[in-house]
Each structure stands twice: as C-alpha cells, then as structure tokens.
Amino acid sequence: GGGDKTAFAVLTHNYELSKKYNVSKGYKKIYKGDIVLIKAINRSDDVIKAEKVNNTNCYNWDKYSRKVTVYETLGEHNTLFRKSNISSVGAILKTIL
C-alpha cells in the first residue's frame, strides 16, 4: 500500500544521509543542538511506559552532539510508528517539544 512506499522513501532518505554524514569517513561536525534518541525495547511484559532513562548506550549518537537524551519505549526499531506503539512515542514527543 501507500504506507509501504512512504516507509521505503524514509528508509532510503535515512540511508543516503547516513552515507553523507558518516563519521568513519571523516565527517566531524558536531550538531549544536540536543539529540533525543527514542530507543525501542522489546520486553515480554506489556507494562512499560515511555520514560527518560539514564543510559549511556546511545548507539554512538554522542559523536554527533554534545547532549543526547535517551527515552525507552516498547516496540522494535521498525515498529515504533505502528498503531500499538505510537501513543507512547507521541507522549515522548509531547514531553520534549
């Protein structure tokens, strides 16, 4: 459907950006703003709220910014925007915006 085309376009765009700003290829410019990482975690219990965590594992985003804030929410990387997970992602966005 149309959602598949949109998702593919987003993934393609993200891939192109990752090639352009690849730190391992010499891109060293630091973003002056804050980065918010929404980390999907797959847990067996469905009782988890979207929450800010003190977590040093920010998947190397700290190479791009001096401040990375990590939030965890239920889901997997590719399922964060599905109907079952979107309300917790929305709650995080509402908190930070």
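Which residues make up the largest nonpolar core? In this predicted model, that core consists of Ile35, Leu37, Cys58, Val68 and Val70, five residues in all, and the legends below begin with the whole chain before turning to its parts.

**View 1. The whole protein, a predicted model, with two helices and three strands.** Read from the start of the sequence, the elements follow the pattern α-β-β-β-α. Buried residues account for 24% of the 97 residues, and the accessible surface comes to about 7,800 Å², with 54% of that area belonging to carbon and sulfur atoms. Among contacts between residues at least 6 apart in sequence, 59% join residues at least 24 apart.

**View 2. Confidence along the predicted chain, with a mean pLDDT of 76 for the protein.** A score of at least 70 is reached by 73% of the residues. Confidence is highest in helix 2 (residues 86-96), at a mean of 87, and lowest in strand 2 (residues 51-53), where the mean is 64. Where pLDDT is low, the predicted coordinates should not be read in detail.

**View 3. The pairing of strand 1 with strand 3, which is parallel and runs over seven bridges.** Within this pairing, Leu37 has Val70 of strand 3 as its bridge partner, and Ile41 stands opposite Leu74 of strand 3. Strand 1 (residues 35-41) has a covered face formed by Ile35, Leu37, Lys39 and Ile41, whereas Val36, Ile38 and Ala40 form its uncovered face. In strand 3 (residues 68-74), by contrast, seven of the seven residues are buried: Val68, Val70, Glu72 and Leu74 point one way, and Thr69, Tyr71 and Thr73 point the other way. In a regular strand the side chains alternate between the two faces of the sheet.

**View 4. The largest nonpolar core, built from Ile35, Leu37, Cys58, Val68 and Val70.** Strand 1 and strand 3 each supply at least two residues of this core. Ile35 and Leu37 belong to the covered face of strand 1, while Val68 and Val70 are buried and point one way from strand 3, together with Glu72 and Leu74. In soluble globular proteins, nonpolar side chains tend to be buried together.

**View 5. The salt bridge between Asp34 and Lys67, whose closest N and O atoms are 4.0 Å apart.** Asp34 lies in the loop between helix 1 (2-20) and strand 1, and Lys67 lies in the loop between strand 2 and strand 3, so the pair ties together parts that are 33 residues apart in sequence. Asp34 counts as partly exposed because its relative accessibility is 49%, and Lys67 likewise counts as partly exposed, at 44%. The count of salt bridges in the model comes to one. Side chains of opposite charge can pair when their charged atoms come close.

**View 6. The surroundings of Asn85, a residue of the loop between strand 3 and helix 2.** Asn85 counts as buried because its relative accessible area is 9%, which falls under the 20% cut-off. Apart from residues up to four places away in sequence, Asn85 touches Leu74, Gly75, Thr79 and Leu80. Of these contacts, Leu74 is itself a buried residue of strand 3 and stands opposite Ile41.

Note on methods:
Residues numbered from 1 in each chain as written. Predicted model: local features only at pLDDT ≥ 70, side-chain atom pairs only at ≥ 80, totals over all residues. Heavy atoms only, no water. Buried < 20%, exposed > 50% of the residue type's maximum accessible area, 1.4 Å probe, protein only. Helix = DSSP H or I, 4+ residues; strand = E, 2+ residues; numbered from the N terminus. Pairing = 2+ DSSP bridges. pLDDT = per-residue confidence, 0-100. Core = buried A, V, L, I, M, F, W, Y, C linked by side-chain atoms within 4.5 Å. Contact = heavy atoms within 4.5 Å. Salt bridge = Lys/Arg side-chain N within 4 Å of Asp/Glu carboxyl O. Areas by Shrake-Rupley, 256 points an atom, 1.4 Å probe, with all protein chains shown as cover.
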